[in-house]
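Subject: Structure handover

Hi,

I am passing a structure over to you, with my notes on what turned up in it. Please have a look at it first, then read on below.

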Amino acid sequence: SFVNRVYRATQGIRMPQHSLDASKQVINVLARLGHALGYVVHTEAPVEQRSKLPAPAVDVAWFAAEEQRYPLMIFEVESAATNAMANNPLKVYGQPTEQFERPLFFFHVVLRSGDETSRIRTLQTHFGTHNYRVYRLDNGMATQLVKDILSQHRRVQGTINVGEVLAVL
């Protein structure tokens, strides 16, 4: 089954802290897609280096190499569009670049956004100049998400393993 394939493909990847199965599946697919595109993938990747407090983390981070400190691409997955979703871009863009360099792109994925779009529109207006975009999967934006991922990938690498990517998608 699809869930079993995702489980086998993500062995060794730190599991996300989401409780809903749909969110976990999206995170796992994003992790598998990162591997298929040749990135080093970390789930629940810390975005701050604190000594006493647990560091906030992003759901999925893609790195060019294991020794890199900062991810090229970041993915946050929201089960629903809530006021709390603003915390996710803030934990990345709200700290000095000396502490956390900006990613090449920040993909904010919302599974259920409903009809209320003002909070999403506000986030896009505020963070949109920082290579940030919100993808509302319940409004048919899954294809746009994949297109944008591949577009950003082209900025980093000139090759793609089509078979592996198709197997994930």
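**What was found**

The largest share of the lining of the largest pocket, 5 residues, comes from α2. Please keep in mind throughout that this is a predicted model. The pocket itself holds about 210 Å³ of space. Of its 13 lining residues, Val29, Leu30, Leu145, Val146 and Leu169 are the closest to the centre. Two elements, α2 and α5 (142-156), give two or more residues each to the lining. If you are wondering about its chemistry, the lining has 12 nonpolar residues and 1 polar one, with no charged residues.

**The overall layout**

Now to the chain as a whole. There are 6 helices and 5 strands, and along the sequence they follow the pattern α-α-β-β-β-α-β-α-β-α-α. The chain has 169 residues, of which 44% are buried.

The strands form an open sheet of 5, in the order β1-β2-β3-β4-β5 and with mixed pairing. At the edges are β1 and β5 (132-136), each of which pairs on one side only. On average, neighbouring strands of this sheet are turned by 25° against each other, with direction ignored.

Going across the sheet, the pairings look like this:

- β1 and β2 run antiparallel and are joined by 6 bridges; His42 stands opposite Ala61 in β2.
- β2 and β3 are also paired in the antiparallel sense, over 3 bridges, and Val60 has Phe75 in β3 as its bridge partner.
- β3 and β4 (residues 105-112) pair in the parallel sense over 7 bridges, and here Met73 has Phe105 in β4 as its bridge partner.

How enclosed is strand β3 (residues 73-80) by the rest of the structure? Of its 8 residues, 7 are buried, so β3 is largely enclosed.

**A residue to look at in β1**

You may like to check the backbone at Glu44, a residue of strand β1. Its phi is near 50°, which is a positive value in a residue other than glycine. Glu44 is also buried, with a relative accessible area of 9%, and that falls under the 20% cut-off for a buried residue.

**The aromatic rings**

I left the rings for last. The structure holds 8 aromatic pairs. In one of them, the ring centres of Tyr39 and Trp62 are 5.0 Å apart and the planes are at 20°, so this pair is stacked. Tyr39 sits in the loop between α2 (21-36) and β1 (40-46), while Trp62 belongs to strand β2 (residues 57-63), so the pair ties together parts that are 23 residues apart in sequence. Are these two residues buried or exposed? Both Tyr39 and Trp62 are buried.

The pair is also part of a wider group: ring pairs link Tyr39, Trp62, Phe75, Phe105, Phe107 and Tyr135 into a cluster. Two of these names came up above in the sheet, where Phe75 is the bridge partner of Val60 and Phe105 is the bridge partner of Met73.

That is everything from my side for now. Happy to talk it through whenever suits you.

Best wishes

Key
Residues are numbered from 1 along each chain as its sequence is written. This is a predicted model: local features need pLDDT of at least 70, side-chain atom pairs count only at pLDDT 80 or more; totals for chains, interfaces and linings use all residues. Side-chain values use heavy atoms; hydrogens and water are left out. Rings of Phe, Tyr and Trp (its six-membered ring) pair if their centres lie within 6.5 Å; planes under 30 degrees apart count as stacked, over 60 as edge-to-face and the rest as tilted. Helices (H or I, at least four residues) and strands (E, at least two) are DSSP runs, numbered from the N terminus. Buried means under 20% relative accessible area, exposed over 50%, partly exposed in between (1.4 Å probe, protein chains only). On a 1 Å grid over the protein atoms alone, a cavity is a set of points where a 1.4 Å probe fits but cannot get out, and a pocket is an open set with protein on both sides within 12 Å along at least five of seven lines; lining residues have an atom within 4 Å of a point. Grid points are joined across faces, edges and corners, and a volume is the space filled by probe spheres set on the points. Ala, Val, Leu, Ile, Met, Phe, Trp, Tyr, Cys and Pro count as nonpolar, Asp, Glu, Lys and Arg as charged, and the others, Gly among them, as polar. Two strands pair if DSSP finds at least two bridges between them. Axes are lines fitted to C-alpha atoms, for helices over the stretch in contact, and angles run from 0 to 180 degrees between N-to-C directions.
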